[in-house]
Amino acid sequence: MKFAAFWKRYTWVNRLIILIIIVLVYAWALQGLKVDLALLKDSWPYVTDFITRLWPPNFDVLDVAIQRLIETIQMSLWGTTIGAIISLPVAIFSARNLAPGWLRFWANFLQNAVRSIPSIVLGLLFVAATGLGAPAGTLALGIYTVGYLGKFYQEAIEAVDQRSIESLQVAGASWLQIAQYGILPQVMPLGLGYTLYMFEYNIRAASVLGVVGAGGIGFELVNYIRGFEYNKATTMMLVLLVVVTAIDALSSKLRQRLEAM
């Protein structure tokens, strides 16, 4: 009791200890990185030289950039849709207020397994299965999406007002009726907002998949950089920046409307 009373009286000591622990954790992490400040200072001319080579952009490849960008959006649209369809049952089976323990364990294990695989590895896997191009990237994005949307949907389902579920159970509603009338109306706006966010994220992720030949604007971007055609690579990045900014603004507006529903 005296010990508890001490902490209650001297809360600043408690906060000071937490602050010291946080500083020690960050110091430990920085020590592990082995950052060489002298090397960073000496390499600065190489960084500025690389940036100088990127400018000015070569707009002769603008038509190629737009064509690849459309392909990237198509990949993201289908990849996000495939991932959302698979994520919904995975999330239901993972939710603690809907599924039994043994089912939750395996559904959560599946989500964790998918999230532990980098998108670029999934890209390599599907390139081996379908060959170079957009189909491989689309399938990789679909599976990659399950790891994140499944978790987002699960948390939305677990945040549902439990009283509405209990009321339906008392009224004798079936499991399907509980999901239809008690859960989906509450989860739908938040779930759609998460799906829009994932669509926007997948456009950026699709550009990374191009590194392994899985289609999209990233494929051309990497080819130009490998060929030392930095000005053309800059055009690709500028086009991607414009579209990502536009989609970010649009999806933010849509998410705000959905959250207000």
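Helices in this account are DSSP runs of at least four residues, numbered from the N terminus. The structure is a predicted model. In these terms, asparagine 231 belongs to helix H11, which spans residues 230–259. With a relative accessible area of 27%, asparagine 231 is partly exposed. Its C-alpha lies 8.5 Å from that of phenylalanine 59, although the two residues are 172 positions apart in sequence. When neighbours within four places in sequence are set aside, the contacts of asparagine 231 are Arg53, Leu54, Trp55, Pro56, Pro57 and Asn58.

Two of these contacts, Trp55 and Pro56, are joined by a cis peptide bond, the omega angle being near 0 degrees. Proline 56 is located in the loop that runs between helix H3 (37–54) and H4. A further backbone feature occurs at phenylalanine 228, where phi is positive, near 60 degrees, in a residue other than glycine. Phenylalanine 228 follows H10 and is placed in the loop between H10 and helix H11. The relative accessible area of phenylalanine 228 is 62%, and the residue is therefore exposed. By contrast, helix H10 (residues 217–226) contains several buried residues, namely Ile217, Gly218, Glu220, Leu221, Val222 and Tyr224.

Phenylalanine 228 also takes part in aromatic pairing: ring pairs connect it with Phe50 and Tyr230 in a cluster. In total, the structure contains eight aromatic pairs. A pair of aromatic rings is described by the distance of the centres and the angle of the planes. For phenylalanine 105 and tryptophan 106, the ring centres are 5.1 Å apart and the planes stand at 80 degrees, so this pair is edge-to-face; the cut-off for that class is an angle over 60 degrees. Tryptophan 106 has a relative accessibility of 52% and counts as exposed.

The pair formed by tyrosine 144 and tyrosine 148 is tilted, because the planes are at 50 degrees, with the ring centres 5.3 Å apart. Both residues are in helix H7 (residues 134–158), where their spacing of four residues corresponds to about one helical turn. In general, an α-helix has 3.6 residues a turn, so residues three or four places apart point the same way. The two tyrosines fall into separate accessibility classes: tyrosine 144 counts as buried at 9% relative accessibility, whereas tyrosine 148 counts as partly exposed at 28%.

Proline 135 is another residue of helix H7. It counts as exposed, its relative accessibility being 52%. The C-alpha atoms of proline 135 and alanine 214 are 7.4 Å apart, while 79 residues separate the two in sequence.

Alanine 214 is also a member of the largest nonpolar core, which comprises 29 residues. Together with Leu141, Ile157, Ile183 and Val187, Ala214 touches the most other members of that core. The elements contributing two or more residues to the core are H4, helix H6 (119–130), H7 and H9. Helix H7 supplies the largest share, with nine residues. For valine 187, contacts beyond the neighbours within four places in sequence are made with Ala156, Ile157 and Val160. A second core, separate from this one, consists of 15 residues, among them Val61, Tyr224, Val244 and Ile247. Tyr224 of this second core is one of the buried residues of helix H10.

Valine 187 also appears in the lining of the largest pocket, alongside Ala84, Ile85, Leu88, Tyr153, Leu184, Met188, Gly191, Leu192 and Thr195. Helix H4 (62–94) and helix H9 (175–209) are the elements that each give two or more residues to this lining. Six residues, the largest share of the lining, come from H9. By residue class, the lining consists of eight nonpolar residues and two polar residues, with no charged residue. The space within the largest pocket amounts to about 180 Å³.

Terms used. Residues numbered from 1 in each chain as written. Predicted model: local features only at pLDDT ≥ 70, side-chain atom pairs only at ≥ 80, totals over all residues. Heavy atoms only, no water. 1 Å grid on protein atoms, 1.4 Å probe; cavity = no way out; pocket = protein on both sides within 12 Å on 5 of 7 lines; lining within 4 Å. Points joined across faces, edges and corners; volume = space filled by probe spheres on them. Nonpolar A, V, L, I, M, F, W, Y, C, P; charged D, E, K, R; others polar. Phe/Tyr/Trp six-rings, centres within 6.5 Å; stacked < 30°, edge-to-face > 60°. Buried < 20%, exposed > 50% of the residue type's maximum accessible area, 1.4 Å probe, protein only. Core = buried A, V, L, I, M, F, W, Y, C linked by side-chain atoms within 4.5 Å. Contact = heavy atoms within 4.5 Å.
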